[in-house]
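Subject: Structure handover and findings

Hi,

Here is the structure for you to load. My notes follow below it.

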Amino acid sequence: MAQENNEDENSFSVSLKRFTTKYLSLLQISGWLILFIIWWLVTNFEIINTHVMPTPQKTWHAFLEMRSDDNLMSNILFSLKINVVGYLKCIAAALIVGFAIGLSPKVRKMFSQQVNALRFVPITALMGIFIAISGLTIVTKINFLAFGIWVYLVPVVVQRIDEVDTTHLQMMKTLGASFWQTVRFVTWRSVIARLSDDIRILVGISWTYIIVAELAGIQGGLGSLIFLGERQSNVGKVYAVIFIIVAIGIVQDAIFKLIDRLLFKFKYQ
């Protein structure tokens with residue numbers, strides 16, 4: 001009898017979970033649909049000038065035009081290359097510097113203020129310096145993106161180190177673990193599990209720096225398509241590229257969430 005009750009409860013839980021998932025998906029789709037309808041009404045009835053905000057039809061035609069005439073896919077891949085490589089370089093550099101500051105009191109006293117001060121530097125104004133150092137190359141754009149995210153990520157790494165559960169640290173000390181064993185089995189795992197959420201959030205900021213980098217010397221990428229649309233006074237192209245970036249960002253966010261669930265299952269238990 002008890003077993004039957006448990007089976008009924010499990011069946012009800014599964015059914016409720018499925019219903020909730022479908023309901024939430026329906027709400028999300030409804031939200032996008034409402035925004036699309038508002039956009040269509042505002043532009044087709046010219047509440048906002050279509051030279052400022054194009055109609056959905058004009059934006060769609062601009063997308064088709066870019067796909068056939070402007071090598072849209074190759075430009076998307078160009079921007080994605082800058083994004084992925086720049087992000088990997090940024091994460092590697094941020095972990096090295098962040099752990100050095102977070103684990104060493106001497107290094108923290110010497111450099112923590114300087115690293116925190118970098119957050120107030122107008123990153124976009126530094127593009128000229130990066131160009132002067134290494135020229136108008138894709139490496140320059142990757143390094144610019146990596147630096148732009150690095151200044152935000154390093155203080156976060158230090159903060160995550162400070163947030164490591166002291167109970168776990170004391171337990172490792174009681175068990176006679178060395179400094180590096182504690183870092184490997186406690187600090188590193190705790191920081192990486194928490195940092196994955198921070199990295200996912202910073203993806204949105206990264207696209208701002210990618211567009212700025214690509215506008216400096218038109219060599220390809222979605223930024224160049226925005227520049228081209230502005231030069232042609234084709235606002236439809238500009239909006240189409242913006243929607244493409246938003247779509248890429250949504251996909252990237254979903255991939256990050258999936259990787260996070262696979263690597264850190266304990267966070268979702």
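Leaving aside residues up to four places away in sequence, which residues does L153 touch? The contacts are C90, I91, A94, L195, I199 and L202. Please keep in mind that this is a predicted model.

**Core**

L153 belongs to the largest nonpolar core, which has 54 residues. Together with V157 and L222, L153 touches the most other members. Two or more residues of this core come from each of α3, α5 (127-134), α6 (138-162), α8, α9 and α10. The top contributor is α6, with 13 residues.

**Helix α10**

This helix covers residues 235-263. Does its length fit its residue count, or does it depart from it? At 1.5 Å a residue, 29 residues should span 42 Å. The end C-alpha atoms of α10 are 42 Å apart, so the two agree.

Which residues of α10 are buried? They are V235, G236, K237, V238, A240, V241, I244, I245, I248, Q252 and D260. K237 and D260 are on that list, and both count as charged. The buried residues of α10 pack against four helices: α2 (56-69), α3 (72-103), α8 (179-215) and α9 (222-231).

**Largest pocket**

The volume is about 450 Å³. There are 19 lining residues, and Y87, I91, I199, F256 and I259 are the closest to the centre. I91 and I199 also appear among the contacts of L153. Each of α3, α8 and α10 supplies at least two lining residues. Which element gives the most? That is α10, with eight residues. By class, the lining has 15 nonpolar, three polar and one charged.

**Second largest pocket**

This one holds about 370 Å³ of space. Its lining consists of W32, L35, F36, W39, P56, T59, W60, F63, A240, F243, I244 and A247. α1 (2-44), α2 and α10 each give two or more of these residues. Eleven are nonpolar and one is polar, with no charged residues. A240 and I244 are in this lining, and both are also among the buried residues of α10.

**Where this leaves us**

Helix α10 links these sections. It gives two or more residues to the core. It gives eight residues to the lining of the largest pocket. It also gives two or more to the lining of the second largest pocket.

Best regards

How values were computed. Residues numbered from 1 in each chain as written. Predicted model: local features only at pLDDT ≥ 70, side-chain atom pairs only at ≥ 80, totals over all residues. Heavy atoms only, no water. Expected span 1.5 Å × (residues − 1). Buried < 20%, exposed > 50% of the residue type's maximum accessible area, 1.4 Å probe, protein only. Contact = heavy atoms within 4.5 Å. 1 Å grid on protein atoms, 1.4 Å probe; cavity = no way out; pocket = protein on both sides within 12 Å on 5 of 7 lines; lining within 4 Å. Points joined across faces, edges and corners; volume = space filled by probe spheres on them. Core = buried A, V, L, I, M, F, W, Y, C linked by side-chain atoms within 4.5 Å.
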